[in-house]
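Biologist: I would like to learn how to read a structural model without getting lost in it. Could you walk me through one, feature by feature?

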Amino acid sequence: MALHPFDPITDAEMRITSKLVKDQYKDGEKPHFVTIDRLDPPKKDMVKYLDAEKKGLTTPHINRTTFAYFYLGEVFYKALVNTTYKHVITIEKLPKGVVGPLLPEDVMEIEEYIMTHPIIDY
């Protein structure tokens, strides 16, 4: 059975997304993922889908798309991946100064760095 466009991201979609993004950087630094999730389909497509679903008609096909936020070193990126056809739509370098979501282990590392910095005296 096909996934509903509003179904949560699946484990398989997460693996597909991370693999396809990692494959773009085989020779260099590995991406440090902070978020991978499902992207909502365009509203105009969902209106048609939900209308057909409500009327008991065949629903139109809507590709499943995911987004991933990740770091390469200190540079922050966003990728869009079509998980239906398994291809990267785009990878965009985000502007300097943009800080993405932090993982708990990242916060712990930052906290340790701050607390051991010479300027901090407690």
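Modeller: Gladly, and let's begin with a term: a residue is buried when its relative accessible area is under 20%, exposed when over 50%, and partly exposed in between, with a 1.4 Å probe and protein chains only. Please keep in mind that this is a predicted model, where local features need pLDDT of at least 70 and side-chain atom pairs count only at pLDDT 80 or more, while totals for chains, interfaces and linings use all residues. Residues are numbered from 1 along each chain as its sequence is written, and side-chain values use heavy atoms, with hydrogens and water left out.

Biologist: Let me try one. Is I91 buried, partly exposed or exposed?

Modeller: I91 has a relative accessible area of 25%, so I91 is partly exposed. This residue lies in strand 4 (87-93); strands (E, at least two residues) and helices (H or I, at least four) are DSSP runs, numbered from the N terminus.

Biologist: And which residues is I91 in contact with, leaving aside its neighbours within four places in sequence?

Modeller: Contact means heavy atoms within 4.5 Å. By that rule, and with those neighbours left aside, I91 touches Q24, Y25, F70, Y77, K78 and A79. The C-alpha atoms of I91 and F67 are separated by 9.6 Å, with their positions 24 residues apart along the chain.

Biologist: Which residues make up the largest nonpolar core?

Modeller: First the idea: a nonpolar core is a set of buried Ala, Val, Leu, Ile, Met, Phe, Trp, Tyr and Cys residues joined through side-chain atoms within 4.5 Å. Here the largest one has 12 residues: I9, I16, L20, V21, F33, I36, A68, F70, L72, Y77, A79 and V81. Helix 1 (11-23), strand 1 (32-39), strand 2 (65-72) and strand 3 (75-82) each give two or more residues to this core. Apart from it lies another core of five residues, including V34, F76, L94 and L103. F70 is a good residue to click on: leaving aside neighbours within four places in sequence, its contacts include V21, F33, V34, F76 and I91.

Biologist: How should I read helix 1?

Modeller: An α-helix has 3.6 residues a turn, so residues three or four places apart point the same way. In helix 1, the buried residues are E13, I16, T17, S18, L20 and V21, and they pack against strand 1, strand 2, strand 3 and strand 4. Length can be checked too, since the expected span of a helix is 1.5 Å times one less than its number of residues. With 13 residues, helix 1 should span 18 Å, and its end C-alpha atoms are 18 Å apart, which agrees.

Biologist: In what order do the strands of the sheet run?

Modeller: Two strands pair if DSSP finds at least two bridges between them. Four strands form an open, antiparallel sheet in the order 1-2-3-4. Strand 1 and strand 4 are at the edges with a single partner each, so one side of each has no neighbour in the sheet. For angles, axes are lines fitted to C-alpha atoms, for helices over the stretch in contact, and values run from 0 to 180 degrees between N-to-C directions. Helix 1 lies across the four strands and runs at about 130° to strand 1.

Biologist: How many bridges join strand 3 to strand 4?

Modeller: Six, and the two strands run antiparallel. Across this pairing, Y77 stands opposite K93, and K78 stands opposite E92.

Biologist: What is the phi of K86, in the hairpin of these strands?

Modeller: Most residues other than glycine have a negative phi. K86, in the hairpin with four residues between strand 3 and strand 4, takes a positive phi near 55°.

Biologist: Last topic: how many salt bridges does the structure hold?

Modeller: Side chains of opposite charge can pair when their charged atoms come close. A salt bridge is a side-chain nitrogen of Lys or Arg within 4 Å of a carboxyl oxygen of Asp or Glu, and there are five here. One of them joins R64 and E13 at 2.7 Å, N to O. This pair links distant parts of the chain, 51 residues apart: R64 is in the loop between helix 2 (43-55) and strand 2, and E13 is in helix 1. R64 counts as buried because its relative accessibility is 7%, and E13 is buried too, at 6%.

Biologist: Where do R38 and K44 come in?

Modeller: R38 pairs with D40, the closest N and O atoms being 2.4 Å apart; R38 is buried at 18%, while D40 is partly exposed at 48%. K44 meets D45 at 3.4 Å, N to O, with K44 exposed at 58% and D45 partly exposed at 24%.
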